[in-house]
Amino acid sequence: MECGNERLLFEVKQGEQREFSFTLLEGDKPLNLTGYAIDFEVRLMPNVNVEPLFVKHIDTLQDVDGVIDEPLLGKFIIQIYQSDINTLPPMDCYVSMYLVDGDTRICISGDGNNFSVMRICGC
């Protein structure tokens with residue numbers, strides 16, 4: 001996934017589970033994700049000071065929230081479960097994704113946090 005000015009839209013229907021797969025690129029080559037984690041945060045507003053509705057923290061060791069499944073190829077998966085969104089009405093939420101290395105977090109979801117949207121649709 002290479003983020004520029006294109007808006008990312010994640011569409012999830014209430015009551016369903018979704019899996020989203022990404023490839024993180026550095027230029028035109030996959031970014032080696034060995035030793036990194038990914039944070040996927042969903043908020044009501046595109047402001048990092050607003051408390052997230054939910055957070056997914058993934059790495060190469062666990063696969064509950066998702067997993068960095070092919071770190072050498074820059075590939076990772078995010079899992080969205082019914083329990084993540086079942087109390088939310090149909091609406092658009094804002095997504096921020098970060099590449100995490102210890103205490104350092106680098107935004108990989110575009111400039112500003114308003115480029116990535118999770119649309120929760122009614123059944």
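These exercises work through strands, burial and a surface patch in a predicted model.

**Exercise 1.** Decide whether strand β11 (residues 116–121) is enclosed or open, and find its pairing partners.

*Solution.*
Step 1. Count burial. Five of the six residues of β11 are buried, so the strand is largely enclosed by the rest of the structure.
Step 2. Take strand β1 (residues 8–13). β1 pairs with β11 in the parallel sense, over six bridges. Within this pairing, K13 stands opposite C121.
Step 3. Take strand β9 (residues 91–101). β9 and β11 run antiparallel and are joined by four bridges. M91 has I120 of β11 as its bridge partner.

**Exercise 2.** Classify C93 and C121 as buried or exposed, then state how many disulfides the structure holds.

*Solution.*
Step 1. Recall the cut-off: buried means under 20% relative accessible area.
Step 2. Apply it to C93. Its relative accessibility is 0%, so C93 is buried.
Step 3. Apply it to C121. Its relative accessible area is 18%, so C121 is buried too.
Step 4. Check the disulfides. The structure holds zero.

**Exercise 3.** Place L53 in the structure, classify its exposure and name the surface patch it belongs to.

*Solution.*
Step 1. Locate L53. It sits in the loop between β5 (37–43) and β6 (54–58).
Step 2. Read its exposure. The relative accessible area of L53 is 34%. Partly exposed lies between the 20% and 50% limits, so L53 is partly exposed.
Step 3. Find its patch mates. L53 forms a nonpolar surface patch with L44 and M45. Together the three have about 270 Å² of accessible area.

Conventions:
Residues numbered from 1 in each chain as written. Predicted model: local features only at pLDDT ≥ 70, side-chain atom pairs only at ≥ 80, totals over all residues. Heavy atoms only, no water. Buried < 20%, exposed > 50% of the residue type's maximum accessible area, 1.4 Å probe, protein only. Helix = DSSP H or I, 4+ residues; strand = E, 2+ residues; numbered from the N terminus. Pairing = 2+ DSSP bridges. Patch = residues over 30% accessible without salt bridge, like charges linked within 9 Å, V, L, I, M, F, W, Y side chains within 5 Å. Areas by Shrake-Rupley, 256 points an atom, 1.4 Å probe, with all protein chains shown as cover. Salt bridge = Lys/Arg side-chain N within 4 Å of Asp/Glu carboxyl O. Disulfide = S-S within 2.5 Å.
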